[in-house]
Each structure stands twice: as structure tokens, then as C-alpha cells.
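Student: I'd like to walk through this fold with you, one strand at a time. Can we pull it up?

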Amino acid sequence: MKYRIDLHVHSKYSGDNDAEPEELIDQAIRLNLYGIAFTEHYSYEASAFVELLREKYGDRIRLLRGVELSVIEGHCLVFGIDTDRLSLKDASITEVVKAVNRSGGVVIPSHPYRKGNSLGDIVQQVWGFCALEGYNGANMQAYNEKAIATARLLDLRYTGGSDAHAPKEVGLCVTEFDDAITYDNFTEILKRGHYQGIDCRRKK
């Protein structure tokens with residue numbers, strides 16, 4: 001059995017859309033996803049609502065938390081720690097990777113080859129990434145292909161996430177895990193690397 005999770009979703013608490021978290025969750029349930037990760041922009045506290053919604057949705061879906069940080073060079077996803085407690089304002093990607101890894105979390109560059117807000121080839125110069133985001137649902141295909149090729153070059157795993165800012169975008173790309181995810185083992189399973197990104201828009 002495989003476990004599909006959308007690892008990159010934004011609600012109204014990211015400040016750039018009006019999507020209610022429950023609308024996004026309901027869409028994920030309709031798609032039979034195993035989980036969804038809220039990665040609100042810049043702040044871990046912005047996804048605090050997840051803790052309350054876990055009680056409501058129970059075992060129907062795993063509701064995970066992360067954050068999409070904006071560092072000097074571009075954007076990255078961080079899981080496994082409360083980034084608000086670290087001094088990461090105006091930090092470089094090297095500083096972020098060191099601080100997050102030291103605290104037990106993981107860093108995954110988001111849409112690494114999208115123009116304007118991504119790390120680009122810097123991902124080839126920094127050691128300590130858990131994976132690269134290979135399939136991003138808001139990306140052009142060429143950007144995703146470049147990210148996947150780079151992940152393979154670096155011997156890293158690659159994830160998938162929709163980068164949804166509206167309910168209809170949830171699940172466009174997902175990460176397919178070999179192991180069941182719990183709230184306790186999520187970060188450890190990301191570190192193990194038994195998963196890969198999937199573009200659900202592409203015909204098999």
C-alpha cells in the first residue's frame with residue numbers, strides 16, 4: 001500500500017488567498033489522500049489551526065504542519081520544528097539548513113527552479129537538504145523536470161506538492177510514501193527517504 005500526501009498547501013493564513021483550511025481538507029478527503037501538509041508562508045504559528053482540526057477530522061486524514069520560509073536566496077519547506085523559535089530572519093539558506101538540522105527538522109527547497117523566488121543551482125552548493133521538491137503543482141513542467149534531474153544528480157529524494165492556494169488545486173502533485181505516516185514519525189520518515197513525488201496531472 002502507498003500513502004499519498006500533498007506536502008505543500010496554503011490556506012488564507014498564508015496571507016495571499018482566501019481559502020479556508022477546511023475547504024482544502026475536504027478536497028483532500030474527496031481525493032482519498034492520506035494526508036495534507038499546511039505550509040503557510042513565513043510562520044509556523046500561522047498553521048496553529050491544524051491542532052484543533054485534527055480532533056474534528058480524526059482518522060479520516062492526517063493533517064500535518066510545516067512552513068514555507070523565505071530565505072535570502074529563495075523559498076524552502078521546513079518540517080519537524082517550530083521555526084518561529086529560531087532566529088532565521090534575513091538568514092541565508094546555509095544558515096537555515098544548519099539551524100533546522102541541528103534542531104531535528106528537515107529542509108526541502110520548494111519549486112527550486114521556478115523563476116523569481118527559488119534557490120536555483122544553489123541547491124547544488126549547499127549540503128544538508130533532506131530532499132528537493134520535484135513536482136510542484138503550480139510549476140511549468142520544465143521547472144519540475146529540472147528539479148527532478150538535479151535531485152537525481154545529488155542523490156536526493158524528491159517530493160511532490162500542489163502548492164495549492166485554492167481547494168481545486170489540492171492534490172495536483174503529491175508525495176507517495178512507502179510507510180504509513182503518523183504525527184510522531186513524519187519527520188523521521190522524511191529523513192529515511194522511502195517516497196517519491198507524483199504528478200497527478202500526468203497520464204500514467
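Student: How many of the residues of strand β4 are buried?

Tutor: Keep in mind that this is a predicted model. Strand β4 spans residues 75–79 and is mostly covered. Both of its faces are covered, with His-75, Leu-77 and Phe-79 on one side and Cys-76 and Val-78 on the other. Buried here means under 20% relative accessible area, and the count for β4 is 5 of 5.

Student: Okay, and which residue stands opposite Cys-76 of β4?

Tutor: Look at strand β3, residues 62–70, which runs antiparallel to β4 and is joined to it by 5 bridges. The two strands form a hairpin with 4 residues between them. Opposite Cys-76 you'll find Leu-69.

Student: Which residue of β5 does Leu-77 stand opposite?

Tutor: β5 covers residues 106–109, and it pairs with β4 in the antiparallel sense over 4 bridges. Opposite Leu-77 in β5 sits Ile-108.

Student: Now the whole sheet: which strands stand at its edges?

Tutor: The sheet is open, with 7 strands in the order β5-β4-β3-β2-β1-β8-β9 and mixed pairing. Each edge strand has a single partner, so one side of each is left without a neighbour in the sheet. The twist averages 30° from one strand to the next. The edge strands are β5 and β9.

Student: Which helix lies across β3, β4 and β5?

Tutor: Helix α1, residues 21–30, lies across β1, β2 and β3, running at about 150° to β2. The helix you're after is made of residues 93–102 and runs at about 145° to β5. That's α3.

Note on methods
Residues are numbered from 1 along each chain as its sequence is written. This is a predicted model: local features need pLDDT of at least 70, side-chain atom pairs count only at pLDDT 80 or more; totals for chains, interfaces and linings use all residues. Side-chain values use heavy atoms; hydrogens and water are left out. Buried means under 20% relative accessible area, exposed over 50%, partly exposed in between (1.4 Å probe, protein chains only). Two strands pair if DSSP finds at least two bridges between them. Axes are lines fitted to C-alpha atoms, for helices over the stretch in contact, and angles run from 0 to 180 degrees between N-to-C directions. Contact means heavy atoms within 4.5 Å.
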